[in-house]
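The following paragraphs lead through a structural model, beginning with a single chain and ending with the relation between the chains. The reader may wish to keep the sequence and the coordinates in view.

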There are 2 protein chains.
Amino acid sequence: MDPDALDAVDPLRGFRERFVIDDPNLVYLDGNSLGRLPIKTRERINQVAGQEWAADLVRGWGKWFDLPQRLGGKIAEIIGAHPDEVIVCDSTTVNLYKLAHAAMRAQGGRNQVVTDALNFPSDLYALQGIVHGLGGQLELVASDDEISIDPSRIADRLNQRSALFTASHVSFKSGFMHDMGAVTETVHAKGALALWDLSHSVGVTPIRLNEWGVDLAIGCTYKYLNGGPGAPAFLFVRRGLQDRLQSPIWGWFGQTDPFAFGLDYAASCGVSRFMVGTPPILSLAAIEPGVDLILEAGIGAIREKSRSQTAYLVQLWEKHLASLGVALKSPPDATRRGSHVSFGHPEALRIAKALIEKMNVIPDFRAPDNLRFGISPLYATYREIHQGVERFAEVIRRRQYEEYSETRPSVT
Amino acid sequence: MDPDALDAVDPLRGFRERFVIDDPNLVYLDGNSLGRLPIKTRERINQVAGQEWAADLVRGWGKWFDLPQRLGGKIAEIIGAHPDEVIVCDSTTVNLYKLAHAAMRAQGGRNQVVTDALNFPSDLYALQGIVHGLGGQLELVASDDEISIDPSRIADRLNQRSALFTASHVSFKSGFMHDMGAVTETVHAKGALALWDLSHSVGVTPIRLNEWGVDLAIGCTYKYLNGGPGAPAFLFVRRGLQDRLQSPIWGWFGQTDPFAFGLDYAASCGVSRFMVGTPPILSLAAIEPGVDLILEAGIGAIREKSRSQTAYLVQLWEKHLASLGVALKSPPDATRRGSHVSFGHPEALRIAKALIEKMNVIPDFRAPDNLRFGISPLYATYREIHQGVERFAEVIRRRQYEEYSETRPSVT
């Protein structure tokens, strides 16, 4: 299939020009690690720094103070939640720590956390720290193929000691997507709470937290939401749980009346009790235009294009890469896949370096042997995907990776 | 004394033009809440967004990855620490949580935390949360006059159950400055660790953490360091303690090799183990030019000007404000004072509103009856201080505050 013909009929093709495209020849297949800069975001950053900070000075807080809630309300719309169930603050891992710790303590005698081996390592680390601090056990559901998790394994691992199940909706490495509704139902049947990490699915696949009965969620804003490097994360607590859970980290932004400067903590009502300190406004304000673009395009249309583009990529793999020793390390079934596709090759690290430095293609290396091609449908073109695969094949055929070292670079 | 004559001989007068001064007639006396925007910071923000994010995309991490350590090294120079003892990450309160929690757990059977009633409420809240979680007691050393803390009271409260003493070096409300070296010595004599919050002193008064034997510290970058609204905070752990303390929040940025994506947490060596998640780069990068300005001016010269300017302000209070019912709520002795001066008046809230909305003067209201005049010596002029006092007196004399409501605004 001709990529240009596919691009010509893409209903979302107009969105690419809403982003700053510095080098039109760059094949950027890493929007799942760091999304591109929306043009409006550049304007917004200039406004926040050059106008609100510079001229309004401390009065700027009149505009900034409710940003965590206002952004939360917009993200809620993307993930099928009520606007008062989501706030933006801190990092993804700090948010996981707060919610998982709170859930463990609310679950009384139950002291076991169940997760899976495809979860993002930082999530695993936070859980290990919580279990180390509170006492209890962390149970890891294994993957048979390093690509997917068999849901029956989760059910087998849950029991009357399970306080919490938590996993990444879409796995950072393989792109495997859990059936969030079905797994949450299983978790609830065993009396545990369900906490989902939406980092690799938010903004690119439909999520219906309320409909699926999800208790807790966290997620990243700098991937498909295009919020900027390290932008603050979001967290979700369903209405019925908010006033039953207590954050382990008590701070003035989670206090019911911070500007009374009272000596004793009293938690805010609602989800805001999970805020802690003053949020980083430049990074926080930069999130909004990217979220607005997702809402404008509509998550249904985005998912449609994402499925079509990952399927196209898998077709090209079959045709051009499989015979070159490249393995598919993502689920072949598009309904069980997020918006990135992983490939395995023993020389993945050096191939990634050759693609970046010689071929003007940016994929993403994940140790030990994975190459991820992330597709962010608002700006990725079929032409880019086609070029990415062509150049990938060329690097292998001509053994162009051989001139690169095997030292890992420091890139998220 | 003629303010213009004082400005003319001010050795730091050249630094004001290094900041964006949008309205030259604005009397800005709130640099202790939100410092002004350095001109270089505006350029740096444009570079990070418009160049590094937009064009380098994920490759930008090559420049961003060591920012927490590089900025930490520069701040270390300002606070008398080794460069490998300081990092910049998370908010002040999250950092306090991590360090105080770690200290409590490292102190074995001791389970008491001592602090004082002038400490910033968010610090008190974090400590209350820790004690709630770990068990133990929080002891509050009272202030006799709501202005200062008698150091003998601290000694009296410490005992063999005390794990940790923590306080604000300079109090957010009264500006009282502890004798950090002497208090730390007392704390150590009782076998406790000392954790100082430097938020209201860093960048404006000499701090010698190593010389004073301080164990732990945290601090804010958006006040006298001019890092921008809500910019990430710093934390300090002295070398000898770093590998004995364990953060309660385990995350990939505190892992020894985050890009190996191993399933098991292993804490980094050194202070970096207190990092958690991906830092917010726009807000983080914006900190550096302000820190560079402090280093260029020199903390000795800054403190000299700060003492001179707060003394000038107190003189003007005696002459123009005391007779109007305005009380001095800061230590009269400049050696026990930071760089802001607090005044008490029953109508402080409405006076603040009148000053801001009618008089183009920005002070800072702190409930219930405090008006803070913060002096950031790199850009504050004697002329500004003089005008601030003049207009303050005028608002009271003409009862101009009477048209404003008593509802508190949402401003930090």
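**The sheet and its helices**

In chain A, seven strands make up an open sheet of mixed pairing, ordered β2-β8-β7-β6-β5-β3-β4. The edges are occupied by β2 (86–88) and β4 (137–141) of chain A; each has a single partner strand, so one side of each is left without a neighbour in the sheet. On average, and with direction ignored, neighbouring strands of this sheet are turned by 20 degrees against each other. The model is a predicted one.

Within this sheet, strand β7 (residues 216–219) of chain A is joined to strand β8 (residues 234–237) of chain A by four bridges in the antiparallel sense. One position in this pairing is A:Gly219, which stands opposite A:Phe234 in β8(A). Helix α4 (residues 67–78) of chain A packs on the sheet, where it touches β2 and β8 of chain A. The direction of α4(A) makes about 125 degrees with that of β2(A). Helix α5(A) lies across β3 (112–116), β5 (162–168), β6 (193–197), β7 and β8 of chain A. With respect to β7(A), α5(A) runs at about 170 degrees.

Chain B may be read in a similar way. Its open sheet comprises seven strands in the order β2-β8-β7-β6-β5-β3-β4, again with mixed pairing. Here the edge strands are β2 (86–88) and β4 (137–141) of chain B, each of which pairs on one side only. At one end of the order, β2(B) pairs with strand β8 (residues 234–237) of chain B in the antiparallel sense, over three bridges. In that pairing, B:Ile87 has B:Leu235 in β8(B) as its bridge partner. Helix α5 (residues 92–106) of chain B packs on the sheet and touches β3 (112–116), β5 (162–168), β6 (193–197), β7 (216–219) and β8 of chain B. The direction of α5(B) makes about 170 degrees with that of β7(B).

**A helix pair in chain B**

How is the packing of two helices described? The description uses the angle between their axes and the distance between the axes. For helix α4 (residues 67–79) and helix α11 (residues 288–297) of chain B, the angle is about 30 degrees and the axes are 10 Å apart. α4(B) and α11(B) are therefore roughly parallel to each other, and their crossing is left-handed. The contact involves B:Leu71, B:Lys74, B:Ile75, B:Glu77 and B:Ile78 from α4(B), together with B:Glu288, B:Val291, B:Ile294 and B:Leu295 from α11(B). By class, the residues of this contact are six nonpolar, no polar and three charged.

**The two chains together**

Which operation superposes chain A on chain B? A rotation of 180 degrees does so, with 0.0 Å of shift along its axis and an RMSD of 0.0 Å. The two copies are thus related as by a two-fold rotation axis. In chain A, the C-alpha nearest this axis belongs to A:Ser283, at 2.8 Å from it. Both copies use the same surface, since 100% of the contact residues of chain A recur in chain B.

The contact draws 72 residues from chain A and 72 residues from chain B. On the side of chain A that touches chain B, two or more residues each come from α2 (39–56), α3 (61–64), α5 (92–106), α6 (121–134) and α10 (281–285) of chain A. The largest share, eight residues, is supplied by α6(A). By class, this side of chain A has 42 nonpolar, 21 polar and nine charged residues.

Conventions:
Residues numbered from 1 in each chain as written. Chains lettered and ligands numbered in written order. Predicted model: local features only at pLDDT ≥ 70, side-chain atom pairs only at ≥ 80, totals over all residues. Least-squares fit on C-alpha atoms with pLDDT ≥ 70 in both. Contact = placed C-beta atoms within 7 Å. Pairing = 2+ DSSP bridges. Axes fitted to C-alpha atoms, helices over the stretch in contact; angles between N-to-C directions. Nonpolar A, V, L, I, M, F, W, Y, C, P; charged D, E, K, R; others polar. Parallel < 35°, antiparallel > 145°, perpendicular 65-115°, else oblique. Left-handed = near helix turned anticlockwise from the far one by under 90°.
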